[in-house]
Amino acid sequence: MLASVFAHLPPSIRGILESLPVNLRSGLEEIRVRQDRPLEIVFDRRCAFVTREGLTDADASRAYRPSREECKSLLELLTRHSFYSFEEELKRGFITIPGGHRVGLAGRVVLEGGSVKHIRDVSSFNIRIARELPGAGKPVLPHLLDREADTVHHTLLISPPQLGKTTLIRDLARMISSGEAAFPAAGREGGPGGGSRTGTSCGPGLTGGTGGTGISPTGGGPKAGSQEPIPRSAAQHSPRRSAGWKVGIVDERSEIAASERGVPRFDLGPRTDVLDGCPKAEGMMMMIRSMSPEVLIVDEIGRQEDAEAIREALHAGIRIIATAHGRDLGDVLRRPALRELLESGVFGRYVILGRSAAGGRLVQVLDGDGRQLAVFGAYRAPAEEKPSGWETIFSTGGRG
């Protein structure tokens, strides 16, 4: 995973980062390179500066400071020594490198006709580490199944940056495509998504117990965070599918699939097709016309043309799973293009990623009326002799 990142770094910076302790390198989330300013890393929800010796330090004055020549070399490595062949990526402010790692760029912006033409004199780089985590979506998926229709609900994942929404949507694609959507534990007490423990502290961006947001995306029904009983008739229905659904992914930023020469490098399941580097709105229409997907997955919607393409997909009978930036439903409702979609009742499920008061990651699942179906918290508990994963805080067991 890190090998593909380190291969794009100048030898001096690569040597420093390779000197970091192994356990710290394994938790890297971001590498931030800024010309003539301290080298910084983000790991395990913490940040630190890095010294020339490969040590972490809270004091910026002791950190290594990449030079202009090192930043120039880094940009050449990222663009494969062909700056102009990456003109479109530079215009958008990021480059995606093999492995699905996205590198954000900042520097002097060149305008043409009032619009951004490209970025020159790049002086800041934010290298975001992509990870493949099979099983990340396992507790969530049972709550996304529409058992009566034998498919999945239209679903919107909402998350601030760096909380794993792309990792989660990638694993959901794999499970839906492979047929893991029909695993028998869905809706069973004690299985994934099962359990009945309750909790009310859900942290920023989440609602839980008595801490609901009071927002109803459809303008009716109980407020978000409500734990009113969910009708259980659907619990008697199990998906009849065992081979999985045909999945189409429009991967505009090459992050979901990490495709190389059009071939996905992440495991997205056996029945998944990917349009790599294609704008979302246009890509959704291309997928519908050419690949007849049953489930269409897109990342980071937000523009009016995205919303219109989603409506076209709905008219074609295709199920949509999409992500959007935001802390909660309230944030999404403030975006005009998405507000109309939510208020029309398009989405039958909302998955909200956030953090607890202690800084841990939490995932909440709501139905289309904002009623709480489940809350999961990430844990690392070697003392309990179980691997890192998700712990059920509250769940209806996949019913709803």
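Author: Start with the residue classes: Ala, Val, Leu, Ile, Met, Phe, Trp, Tyr, Cys and Pro count as nonpolar, Asp, Glu, Lys and Arg as charged, and the others, Gly among them, as polar. By that key, the lining of the largest pocket holds 15 nonpolar, 14 polar and 13 charged residues. This is a predicted model, in which local features need pLDDT of at least 70 and side-chain atom pairs count only at pLDDT 80 or more, while totals for chains, interfaces and linings use all residues. Residues are numbered from 1 along each chain as its sequence is written, and side-chain values use heavy atoms, with hydrogens and water left out.

Reader: What makes a space a pocket, and what makes it a cavity?

Author: The way out decides. On a 1 Å grid over the protein atoms alone, a cavity is a set of points where a 1.4 Å probe fits but cannot get out; a pocket is an open set with protein on both sides within 12 Å along at least five of seven lines. Lining residues have an atom within 4 Å of a point.

Reader: What volume does the largest pocket have, and which residues lie nearest its centre?

Author: The volume is about 1200 Å³. It is the space filled by probe spheres set on the grid points, which are joined across faces, edges and corners. The lining has 42 residues, and R131, L133, G164, T167 and R361 lie nearest the centre.

Reader: Which elements give two or more residues to that lining?

Author: Two helices appear in the list: helix 3 (22-26) and helix 6 (165-178). The strands are strand 1 (28-34), strand 6 (101-112), strand 16 (361-367), strand 17 (372-379) and strand 18 (389-395). Helix 6 gives the most, with five residues. Helices (H or I, at least four residues) and strands (E, at least two) are DSSP runs, numbered from the N terminus.

Reader: How many cavities of 30 Å³ or more are there?

Author: Two. The largest cavity holds about 50 Å³ of space. The second largest holds about 40 Å³.

Reader: How do you know which class dominates the lining of the largest cavity?

Author: Count by class. The lining has one nonpolar, no polar and seven charged residues. The residues are V250, D251, E252, R253, E255, K280, D299 and E300.

Reader: What lines the second largest cavity?

Author: R131, E132, L133, P134, T167, R170, D171, R174 and D267 do. By class, that is two nonpolar, one polar and six charged residues. R131, L133 and T167 are also among the residues nearest the centre of the largest pocket.

Reader: Why are R361 and E29 called a salt bridge?

Author: The closest N and O atoms of R361 and E29 are 3.5 Å apart. A salt bridge needs a side-chain nitrogen of Lys or Arg within 4 Å of a carboxyl oxygen of Asp or Glu, so the pair qualifies. R361 is in strand 16 and E29 in strand 1, 332 residues apart. The whole structure has 23 salt bridges.

Reader: Are R361 and E29 buried, exposed or in between?

Author: They fall in separate classes. Buried means under 20% relative accessible area, exposed over 50%, and partly exposed in between (1.4 Å probe, protein chains only). R361 has 22%, so it is partly exposed. E29 has 14%, so it is buried.

Reader: What does the salt bridge of E300 with R253 tie together?

Author: Two loops. E300 lies between strand 13 (295-298) and helix 8 (304-315), and R253 between strand 11 (247-251) and strand 12 (272-276). The parts are 47 residues apart in sequence. The closest N and O atoms of this pair are 3.3 Å apart. At 11% relative accessibility, E300 is buried. Salt bridges that share partners join R102, K165, R253, E255, D299 and E300 into one network.

Reader: How do you know that R371 and D367 pair?

Author: Their side chains meet at 2.7 Å, N to O. Both R371 and D367 are buried.

Reader: Why is P270 called exposed?

Author: Its relative accessible area is 65%, so the class follows. P270 sits in the loop between strand 11 and strand 12. G179 is 91 residues away in sequence, yet the C-alpha atoms of P270 and G179 are 9.3 Å apart.

Reader: Why is I97 placed in the buried class?

Author: I97 has 4% relative accessibility, so it counts as buried. I97 belongs to strand 5 (residues 94-97). V5 is 92 residues away along the chain, and the C-alpha atoms of I97 and V5 are separated by 7.8 Å.
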